[in-house]
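Open the structure in your viewer and keep the selection tool ready. The stops below say what to select next and what is there.

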Amino acid sequence: MARKAGERLNSQRPRTAAEVGRSASGIDGVEILRVTGTSTHDGDSVDVIVRTSGSAYTGRLDPEEVTVRRCFAVRVSPKSEWGEDPRNVDCPDGPPLTFAPPPEPPRLPYEDLRAKLPRVPEGGLVDEAEVRRTLAALDLHPAIRTEVKADGGRVGVLLSVKGNGFDPQDCLLARVGPGATEVWVPPRIQRMPGEGGCTVGNALDPQPAPH
């Protein structure tokens, strides 16, 4: 069970000790007694001491089943090998650790942005300052980053939440131009790290849709 827990926790994605502990606490069959280290990519990485149990029998003539509890140290590091044997350790004193659920990422205001961005008639001029005032009036969550860029008579807008560098980033794009104001979420493949979907440049000149 301890080895399986190590396999479940194995990942190249950087995580803090709290994130590793939270993930480990959701694995069936083990209890989390201690988490040490700062993050998986710093120093000696993260060590998780798990406690698991199994059955054994005492005596030969009249065997009696007993529950055996053991503790193991599971190393969580980008250098960990798949299926690596955990170390047998003494169980620390104290109850199993509990972890609060992760904070929910802020919701990107798709409907509000679409409703409040200015509409410019054909042949009109887009006012970049008005677009910026519209964003300021939305009272966005501090974790939402905004970027505005004017180019060729149009104004592009990016709203994004910082990603973890591995999973698709959460972002929202908009473009205000004469005769059309558009708001959209780029396809998942474009929001992967390095794909450039969550950029204000992609708002002004969108990448072609993936096939």
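Select Leu158 and Leu173: Leu173, in strand β7, is the bridge partner of Leu158. This is a predicted model, in which local features need pLDDT of at least 70 and side-chain atom pairs count only at pLDDT 80 or more, while totals for chains, interfaces and linings use all residues. Residues are numbered from 1 along each chain as its sequence is written, and side-chain values use heavy atoms, with hydrogens and water left out.

Next, select residues 154–161 (β6) and 170–177 (β7), which pair in the antiparallel sense over 7 bridges. Strands are DSSP runs of E, at least two residues long, and helices are runs of H or I, at least four, numbered from the N terminus. Two strands pair if DSSP finds at least two bridges between them.

Widen the selection to the open sheet of 4 strands, in the order β5-β6-β7-β8, with antiparallel pairing. Strands β5 (144–151) and β8 (180–184) are at the edges with a single partner strand each, so one side of each has no neighbour in the sheet.

Now go to helix α2, residues 17–25, where Ala17, Val20, Gly21 and Ala24 are buried (under 20% relative accessible area, 1.4 Å probe, protein chains only). Among the elements covering these buried residues are α1 (2–9) and β1 (31–36).

Finish at Thr52, in strand β2 (residues 46–58). Is Thr52 buried or exposed? Thr52 is buried, with a relative accessible area of 12%. A polar atom of the Thr52 side chain lies 2.9 Å from the backbone oxygen of Gly29.

Definitions and conventions: Buried < 20%, exposed > 50% of the residue type's maximum accessible area, 1.4 Å probe, protein only. Polar contact = N/O pair within 3.5 Å; in protein donor to acceptor, adjacent residues only side chain to side chain. Contact = heavy atoms within 4.5 Å.
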